[in-house]
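I opened this model to look up a few salt bridges and one helix, and these are my notes in the order in which I made them.

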Amino acid sequence: VTELALPAQRRWSVAGLYGPVRASWYAWLFTAVLAALVLYPLAMLFLASFRGGEEGQAAAITLANYQRIFGSLATYELIWTTIWLATVRVALACCVGVVLAWLVARTDMPWRQGIEVLVWIKFFSPPLPMVVAWILLAGKTGVLNSLLANLPFVQGPVFDVYSYWGIVFVSALQLSAFIFLLTVPAFRSMDASLEDAGKVAGAGSLRVLRRITAPLALPAILGASLYAFIFALESFETEVMLGTPARIYVLSTQIYVLAQQYPNDLSGATALSAFFLVAVAGVIALQSRLLGGRSFTTVSGHGYAVRPVALGKWRWPACAICLLYFAVSTLLPLAMLILGTFMRGWGIWSASNLTLNHWQVSLRDPRLMAALTNTVVLGLLVGLGGTAVCAAAAYLWVRTRFAGRRVLEFITWSPRIAPGPVLAIGFAWAYIGLPIFRPILGTLLMLAVVLVVNSLPLGSRILAGGMHQVAYELEEAAQISGASWLTTFRRVLLPLLAPVLVTSFVLLFLVAIRNLVLIIFFYTPESRVLSAILWEGWRGGNPERALVAGLIMMAISLVALGAALLLRRRSGIASFY
Amino acid sequence: VVDAAKQEGRVLVYGTGFLRGVEGAMIAQEFQRIYGISVDNVDGAGSPSFQRLREEAKAGVPTADIYLASPPWPAVVEKEGFLVSLQDKRLPALKEPKSVWKVDPASMSEAYLVQAPIYPNGHVVINTKLLQPADYPKNFHELAVDPRYIGKIAWVDPKTTGDVAFKWTIWGYIANALSLQDVWAIYANQKPALYADPPAEAEALARGEAAIAMGLSTFEAAAEAGAPIKVLRFADTPVVTNISAFGLVKQAQHPNAALVLMNWAVSREGQEFITQTRRSMSLRTDVTDKLPDVLQNAELVGGTKKGAAYVLAPVHAVFSADLHSKVEVWRRLPTGVPQADFETAITDFVKQWEAANGGPQHQAIPFVER
């Protein structure tokens, strides 16, 4: 196992294939276009953090914003709370997500495929309504406390979702699905003969798991955890909804307030966002340090065995635990969501409160029907476009000697530098004024451009992971056999990457149709999508109709998942990954 | 103008207000039925709409025809120069006698019109399951100092919203019914449940997490769904009503259609339809308000005489926004701030602001309440 960690990988030189000059101009062009799309808005935000005076006015360059923000003890309290909350959540989510991934991908647990679909359903759930569902379930006056209050030995509320543990619990459930989806591929493509070798050498199941399986999956687990950590640092809805009543504040809440209030303090918000720049840089450095120089190759010319680990008497208990996870993380809050669409007022428990009106009105609303079509089109555009762009970026930095590959890797990370509300303002500043975008302003294509840029960190991480796993010898063999680069790419690499490309498409499709914070800056009536309807309903004091839009979004996600499953079956792909 | 508007065929509104939700769609349909002009809108709340408008204006590609919002945004957008002066525009409704207006739509600015009064403020909302009539508060001061209300009040968190500064502007600065000491005492002594924004506060009250919510918000739907909610109005306490306002965006692509919509929305015909459809307050004296029962049946407590009624002046909207964003001490209320520091910081700001704005500005715009 140790020998698998090869000191260095051979990379194909793009220059070698196409000649030194012609070879890399397109790679540089691609990098330049991405840099313009990503770094230009971020540079504008960065400059704003050095601006004195009010937004939009000519002002001197100053460090005063940083002094003001980072000279305050309160900022460090916020940073500390943000970091420890993110750490605890990711640690818990990692435990749950990785165990689930291992059970689904590496064992003979019953209903594995079904459980995988259930985790996807958890991932589809609209985040904001799910948080409110947890308030209705586990708030002091929530359903669970009301039920438990009937027990003779229970005094007062047992659960209080407005607490540190409420935040940790609700967001760890969401993050665990995310970590599951990112780590299943690693477990699935692991060569079982390595585990067999361990057993032959006398190691018990636990030792094999600890010494062979876990180290082999470590890169994927680490990658998923670090990404989830950044995600948790920037998370906003859960913290503001559950944290405010408990006087728990995090950086993202503060940044949101500074960016949204009037007069807004964008200089302060962007200065505070510098923390995320440091965090992302730290994560990239940590990832390089921990994983650098190691090989993650699992798809090679040798083939590999996929034999599930026999759980024996633990098969059904393991299945029961997975189902319990689904019931708690998804079924309970989802039931509240569905129930909410049949209530005149969500959370008002009385028989006279039940109604079909929200569905009737929503389904008759031509805007909702148009939004449904727009949502599907947008999802397809981002799924396809995002996967293509991310695949190209990942290919250049993983599988070539392109001189700018480190820059490219950084570019793909950089949308994570600014939290959503600040990034949205940066995009608005940068894109609305660019003549090149004028013909498409307000169209679905404009939304797709914004969302593709936003999807770079996630899409390129997934695809880079997949590309790391494919051995270079396969392409070299094709090249030696006389195949051109294009033929090699089309006939060797593309089929091997098909599962991860499908995964990327599905994930980017789903993330795009759920996005809210960027869409509200760019949509028009013609490009209104379901998440905009959800937002309008939520803000307009009609959360029940917002929930209808949320559930329709989930239905679209399920259809997308079903289509991906069908594609997988028809094309003979063993799994999504 | 109408002929040109029909040629334009459509109007796009940034903001929601009377065009919000299914009721808004019905209003848009009615307007289209009369004039053959379609209406659509984009909801971007205050800040995102403003940012969009600004970037589009800077790039010379405005998408919106009308900007519709609540204070302080109309005044902000006007100050930035994104709205066209309406003084020389043909808006026949504005030529009607002054007596038809509860508040003259053109009284606040040359660049925007008041479309409707919204959310009268001088009330608290209670959960009747958690608060018996004998315990109903009689005024804001009692809420702030009476130990009976410890742990029973829901209010917003000043770290996440400017609503507390806004409420103090209305109840304290204008109406003189809520002192700074009372605001401080509620946070310091009464252990209020804090929420991220007024809608979250309203929902928590409806669920029974708190007994008393400070101020009105979106309670109507919950009340109609059977939530045990009642509105209390304090006797002798002025009620200050917020407004929804709209203006014509510079370089609008459908300026005539926008003018026709604006004129219709303040005309008797338009107000009648909007008020009936939205069950809202009207701008006009010749149109009957159609308020939800929970507001219509607000109980007067602490006396028998209603306080005076006003609408919020633009200057107060900007004042409250500045007060929140520029005086950091609000944000220390939830975690504790010495009373003297709190009062001094706000009093100093108010003095400076008044000095820069020509003296005290306590007077709001009188409003004919029905």
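Entry 1, a link between chains. I began with R10(B), which is partly exposed at a relative accessible area of 23% (buried means under 20%, exposed over 50%, partly exposed in between, with a 1.4 Å probe and protein chains only). The side chain of R10(B) meets that of E526(A) in a salt bridge, 2.8 Å from N to O (a side-chain nitrogen of Lys or Arg within 4 Å of a carboxyl oxygen of Asp or Glu). This pair crosses between chains, with R10(B) in strand 1 (residues 10-14) of chain B and E526(A) in the loop between helix 22 (519-522) and helix 23 (530-539) of chain A; helices (H or I, at least four residues) and strands (E, at least two) are DSSP runs numbered from the N terminus. E526(A) is partly exposed too, at 49% relative accessibility.

Entry 2, conventions. I noted that this is a predicted model, in which local features need pLDDT of at least 70 and side-chain atom pairs count only at pLDDT 80 or more, while totals for chains, interfaces and linings use all residues. Residues are numbered from 1 along each chain as its sequence is written, chains are lettered from A and ligands numbered from 1 in the order in which they are written, and side-chain values use heavy atoms, with hydrogens and water left out.

Entry 3, other salt bridges. Over all chains I found a count of 26 salt bridges, one of which joins D108(A) and R315(A) at 3.7 Å, N to O. D108(A) lies in the loop between helix 4 (73-106) and helix 5 (112-124) of chain A and R315(A) in helix 14 (residues 315-340) of chain A, so the pair ties together parts that are 207 residues apart in sequence. In chain B, D104(B) and K98(B) meet at 2.6 Å, N to O; D104(B) is buried at 18%, whereas K98(B) is exposed at 61%.

Entry 4, helix 14 of chain B. Which residues of this helix are buried? I listed F342(B), E343(B), I346(B), F349(B), V350(B), W353(B) and E354(B). They cover an arc of only 135° around the axis (taken from the directions from the helix axis to the C-beta atoms), which puts them on the same side of helix 14 of chain B. The face turned away from that buried side carries exposed residues, among them K351(B) and Q352(B). The cover over the buried residues includes helix 6 (163-174), helix 7 (180-189) and helix 13 (314-326) of chain B.

Conventions:
Contact = heavy atoms within 4.5 Å.
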